[in-house]
Amino acid sequence: MHLAHQLHRSLERRVETDFVHPKPPEVQIAVLWQVQARPGTTVRELADDLQLKPNNASALVTAMVNEGLLRREADQRDRRVVRLHATEEAGRRMDAVQGLFTGYLTAALDDLDEEQRAAVRAALPALDQVARHIRDGGRRPPA
């Protein structure tokens, strides 16, 4: 856990230094990544995906709409359902942050020898499975 925290904090600190805009809070970045990955997600789905209380997710979305990072659109089939989409500005900023993260990680991996890089690549699927297991509370997906 210490290593994961160090890596995360190091990336965050570098972005704070190199990003030209004020960096949004971490939870807003998580929301934007989720909404970009699943355009049209609902606040309820977002809350479930990010493990937030629904009222906290709703307040967060409202703040992000007011800041021009998200927009709400009524569902075409059920006008009571609101779908979330990242704004173009949010997309540009997320692309810039992702570019910084990619650059930092690429430079760090380039400093490793090929055997070390292969070990990192080989570990990624297992680390993804660990993250999913923890997120899902240890429940296995249905077979």
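Is arginine 13 buried, partly exposed or exposed? Select arginine 13 to begin the tour: at 48% relative accessibility, this residue counts as partly exposed, because the partly exposed class runs between 20% and 50%. Keep in mind as you go that the model is predicted.

**Stop 1: helix α1**

Stay on arginine 13 and add glutamate 16 to the selection. Their side chains meet in a salt bridge, with 3.5 Å from N to O. Both residues belong to helix α1, and since they sit 3 residues apart, about one helical turn separates them. Glutamate 16 is partly exposed too, at 40% relative accessibility.

Now move back along the chain to leucine 7, which also lies in helix α1, residues 2-18. Leucine 7 has a relative accessible area of 47%, so it is partly exposed. Keep leucine 7 highlighted; we will meet it twice more.

**Stop 2: the nonpolar patch**

With leucine 7 still selected, add Leu105, Leu109, Val120, Leu124 and Leu127. Together with Leu7, these residues make a nonpolar surface patch of about 500 Å². Colour the chain by helix and you can see where the patch comes from: α5 (88-110) and α6 (114-135) are the elements that give two or more residues to it. The largest share is that of α6, with 3 residues.

**Stop 3: the largest pocket**

Next, switch on a surface and look for the largest pocket, which holds about 2,000 Å³ of space. To find its centre, select Ala4, Leu7, His8, Leu127 and Ala131, the closest to that point among the 35 lining residues. Leu7 and Leu127 are names you already know from the nonpolar patch.

Which elements supply at least two residues each to the lining? Show α1, α2 (26-37), α3 (43-50), α5 and α6, and you have them. Helix α6 gives the most, with 10 residues. If you colour the lining by residue class, you should find 23 nonpolar, 6 polar and 6 charged residues.

**Stop 4: a bridge between α3 and a loop**

Back to charged pairs. Side chains of opposite charge can pair when their charged atoms come close. The count for this model comes to 13 salt bridges, and the pair in helix α1 at the start of the tour was one of them.

For another, select aspartate 49 and arginine 38, whose closest N and O atoms are 2.2 Å apart in a salt bridge. Aspartate 49 lies in helix α3, while arginine 38 is in the loop between α2 and α3, so this pair ties together parts that are 11 residues apart in sequence. Both partners are partly exposed: aspartate 49 has a relative accessible area of 27%, and arginine 38 has one of 34%.

**Stop 5: a network on α5**

For the last stop, go to helix α5 and pick out glutamate 89 and arginine 93. These two form a salt bridge in which the closest N and O atoms are 2.7 Å apart. They are 4 residues apart in the helix, which means that about one helical turn lies between them. Glutamate 89 is partly exposed, with a relative accessible area of 26%, and arginine 93 also counts as partly exposed, at 26%.

Before you leave, widen the selection to take in Glu88 and Arg92 as well: salt bridges with shared partners join Glu88, Glu89, Arg92 and Arg93 into one network.

Key
Residues are numbered from 1 along each chain as its sequence is written. This is a predicted model: local features need pLDDT of at least 70, side-chain atom pairs count only at pLDDT 80 or more; totals for chains, interfaces and linings use all residues. Side-chain values use heavy atoms; hydrogens and water are left out. Patches are made of residues with over 30% relative accessible area and no salt bridge: like charges are joined within 9 Å, nonpolar side chains (Val, Leu, Ile, Met, Phe, Trp, Tyr) within 5 Å. Accessible areas come from the Shrake-Rupley method with a 1.4 Å probe; for residues, only the protein chains shown count as cover. A salt bridge is a side-chain nitrogen of Lys or Arg within 4 Å of a carboxyl oxygen of Asp or Glu. Buried means under 20% relative accessible area, exposed over 50%, partly exposed in between (1.4 Å probe, protein chains only). On a 1 Å grid over the protein atoms alone, a cavity is a set of points where a 1.4 Å probe fits but cannot get out, and a pocket is an open set with protein on both sides within 12 Å along at least five of seven lines; lining residues have an atom within 4 Å of a point. Grid points are joined across faces, edges and corners, and a volume is the space filled by probe spheres set on the points. Ala, Val, Leu, Ile, Met, Phe, Trp, Tyr, Cys and Pro count as nonpolar, Asp, Glu, Lys and Arg as charged, and the others, Gly among them, as polar.
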